[in-house]
Amino acid sequence: MRFIFITVLIIVLTLPSRSYAALDYGKQSLVGTDFSGSDLKGATFYLTDLQDANLSDCELQNATLYGAKLKDTNLSNSNLKEVTLDSAVLDGTDLSNTNLEDSFAYSTQFENVKIQGADFTNVFLPKDIVRKFCETASGTNPITNRDTRETLECDYV
């Protein structure tokens, strides 16, 4: 019994931790950083440069990405529920299969963004952005099972 306990303890202590929750990365240059698969709930990326960063498969619920530079950033398959994206710049950003439900995106810039399978439920977006997204919107979010076109309300624009 003691051998099993010691073995389990050694395994747990030697496994790398991928939790960055509640950390403040504000005003930093994190170009090309790999956060993939990390728990970043509530993390702050205020005015942070995340160009070419990998944030795929991340838990980012309630995180702050206010004014973040997200050029060519991979956010695919991530949970961005209730995230603050105000004034962020998304250019070439991959939002495929991302849940953005109830997020704030006031004055966010969107250019060449991949949105296949993204869920935009209750995300206020300007009509010109919605129209642009609706031109290419497709897919169903694998977590919420909502159709991207429906979450953008493409039939009403």
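**A loop, its contacts and its salt bridges**

Biologist: Where is the place of Tyr46?

Modeller: Helices (H or I, at least four residues) and strands (E, at least two) are DSSP runs, numbered from the N terminus. By that numbering, α1 covers 2–14 and β1 covers 89–91. Tyr46 belongs to neither run; its place is the loop between α1 and β1.

Biologist: What kind of model is this?

Modeller: Residues are numbered from 1 along each chain as its sequence is written, and side-chain values use heavy atoms, with hydrogens and water left out. Local features need pLDDT of at least 70, side-chain atom pairs count only at pLDDT 80 or more, and totals for chains, interfaces and linings use all residues, in a model that is predicted.

Biologist: In what pattern do the helices and strands follow along the sequence?

Modeller: The protein chain has 3 helices and 2 strands. Read along the sequence, the pattern is α-β-β-α-α.

Biologist: What percentage of the residues in the protein chain is buried?

Modeller: Buried means under 20% relative accessible area, exposed over 50%, and partly exposed in between (1.4 Å probe, protein chains only). The protein chain has 157 residues. The buried part of them is 41%.

Biologist: How much of the exposed area comes from carbon and sulfur atoms?

Modeller: Accessible areas come from the Shrake-Rupley method with a 1.4 Å probe; for residues, only the protein chains shown count as cover. The protein chain exposes about 8,700 Å². Of this, the share from carbon and sulfur atoms is 52%.

Biologist: What share of the contacts with a separation of 6 or more joins residues 24 or more positions apart?

Modeller: Contact means heavy atoms within 4.5 Å. Take the contacts in the protein chain with a separation of 6 or more. Residues 24 or more positions apart account for 9%.

Biologist: Back to Tyr46. Is it buried or partly exposed?

Modeller: Look at its relative accessibility, which is 34%. Because of that value, Tyr46 counts as partly exposed.

Biologist: Which residues form a nonpolar patch on the surface?

Modeller: Patches are made of residues with over 30% relative accessible area and no salt bridge: like charges are joined within 9 Å, nonpolar side chains (Val, Leu, Ile, Met, Phe, Trp, Tyr) within 5 Å. The nonpolar patch has about 250 Å² of accessible area together. Its members are Tyr46, Leu47 and Tyr66.

Biologist: How far is Gly32 from Asp52 in space?

Modeller: Gly32 is found in the loop between α1 and β1. Its relative accessibility is 45%, so it counts as partly exposed. Leaving out residues up to four places away in sequence, Gly32 touches Gln51, Asp52 and Ala53. Gly32 and Asp52 are 20 residues apart in sequence, but C-alpha to C-alpha the distance is 4.6 Å.

Biologist: What is the phi of Glu82 near?

Modeller: Most residues other than glycine have a negative phi. Glu82 is found in the loop between α1 and β1, and at 29% relative accessibility it counts as partly exposed. Its phi is positive, near 60°.

Biologist: And what is the phi of Asp72 near?

Modeller: Asp72 is found in the loop between α1 and β1. With a relative accessible area of 38%, it is partly exposed. Asp72 is not a glycine, yet its phi is positive, near 55°.

Biologist: Which residue meets the side chain of Asp72 in a salt bridge?

Modeller: A salt bridge is a side-chain nitrogen of Lys or Arg within 4 Å of a carboxyl oxygen of Asp or Glu. The structure holds 5 of them. In the one with Asp72, N to O is 3.9 Å, and the partner is Lys71.

Biologist: In which element does Asp91, a salt-bridge partner of Lys71, lie?

Modeller: Lys71 and Asp91 have their closest N and O atoms 3.7 Å apart. The pair links distant parts of the chain, 20 residues apart: Lys71 is in the loop between α1 and β1, and Asp91 is in strand β1.

Biologist: How many residues apart in sequence are the parts that Arg146 and Asp119 tie together?

Modeller: Their side chains meet in a salt bridge of 2.8 Å, N to O. Arg146 lies in the loop between α2 and α3, and Asp119 in the loop between β2 (109–111) and α2, so the parts tied together are apart by 27 residues.

Biologist: Which of the two, Arg146 or Asp119, counts as buried?

Modeller: Arg146 has 29% relative accessibility, so it counts as partly exposed. At 0% relative accessibility, the buried partner is Asp119.

Biologist: Which residues do salt bridges with shared partners join into one network?

Modeller: Bridges that share partners form one network. Its residues are Lys71, Asp72 and Asp91.
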